[in-house]
Amino acid sequence: MESLSAGWKTKNKTGAGRFLALALCLLASPSWAASHSRTVSLAPAQVFQGGIVRITVSGEDLEEVGGFLQNRSIAFFPAQAGVYFALLGVDLEQKPGALEITVRSKSKDKEKWERSVLLRIKKKAFAREELTVPPSFDRIDEAARKRIEKEQETLDRLWALATPRRLWDGGFLQPLPGGISSPFGLRRVINGYPRSPHGGVDLKASLGAEVRAANHGRVVLREEFFFSGKSIVLDHGGGLFTMYFHLSDFAVEQEGLVRKGDVIGRAGMSGRVTGPHLHWGARLNGARVDPFELLGATGNGQ
Ligand SMILES: [Zn+2]
């Protein structure tokens, strides 16, 4: 795992001071060591489309830390004394290149501090699949189209929810033990037309298999949708959600709080699918990320 570290101290908030600091920052190599103990580090320093990056901010006297990426705020959490961290998702269709992340903090004596770091996004070679199906297989009538639009709006509203409190803790669990039947990011081309990429992972599951919460969270969606069938979305706080689709049964109520490992439903084949499986997805800061990336993420600052 690569890590990019740089530190920057700003006592002087005048224009000249800021300019000088910025100039120093631009001149500095990524491994430039700060005279002060405040640092912002990204791990990994380069991330693939659909990946997750951990941002760590450290400084002895830090009190409040916040950040944003392209007008979306990034939630930071205290890890240990003088260390804050955030997880940032990179959407699977994010253009490769550099993204600027801005981190702001306040010290105990109310001194403000701001730092921008560049995150490099690398192109990922997602799997591709071409299918030919009878045109009737794919036909959607007007009523279904309206229903799909409404359901999409419901989901989009969820991703905009900003629950600042972090409910998740420690590593995430795979919701059931099955292997992958359809990978994250798969590009499907049906009858010559490219579809939106697969926003989650399909896990092999037998009908009725127990589906468990990947981490602590709140049930913010428990509904039957056209494509995703019986669907559950868990809000883990701090802009992180996981979703569980095509269930045969629900075992939780809307707005219920769940603990990591709790059975939340049973696998099935509801919605538009050809066989039983679990579609497991994750959203982080609005980005569609590979849920398997969460398995290594921990909330204890390690
Ligand atoms: Zn799927």
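**Strand 13 and the nonpolar core**

Visitor: Do strand 13 and strand 14 run parallel or antiparallel?
Guide: A strand is a DSSP run of E with at least two residues, numbered from the N terminus. Two strands pair if DSSP finds at least two bridges between them, and two bridges join strand 13 to strand 14 (residues 193-194). Within this pair, Ile190 stands opposite Tyr193. The two strands run antiparallel.

Visitor: What kind of model is this?
Guide: Residues are numbered from 1 along each chain as its sequence is written. Local features need pLDDT of at least 70, side-chain atom pairs count only at pLDDT 80 or more, and totals for chains, interfaces and linings use all residues, for the model is predicted.

Visitor: Which residue stands opposite Glu130 in strand 13?
Guide: Strand 11 (residues 128-131) and strand 13 (residues 187-190) run parallel, joined by four bridges. In strand 13, the residue opposite Glu130 is Val189.

Visitor: Which residue in the turn between strand 13 and strand 14 has a positive phi?
Guide: These strands form a hairpin with two residues between them. The residue with a positive phi, of about 50 degrees, is Asn191.

Visitor: Which strand gives the largest share of the largest nonpolar core?
Guide: A nonpolar core is a set of buried Ala, Val, Leu, Ile, Met, Phe, Trp, Tyr and Cys residues joined through C-beta atoms within 7 Å; buried means that 20 or more other C-beta atoms, placed from the backbone, lie within 10 Å of a residue's own. The largest core has 58 residues, and Ile55, Leu88, Ile232 and Tyr244 have the most contacts inside it. Seven residues, the largest share of this core, come from strand 19.

How values were computed: A residue is buried if 20 or more other C-beta atoms lie within 10 Å of its own, exposed if 12 or fewer, and partly exposed in between; C-beta atoms are placed from the backbone.
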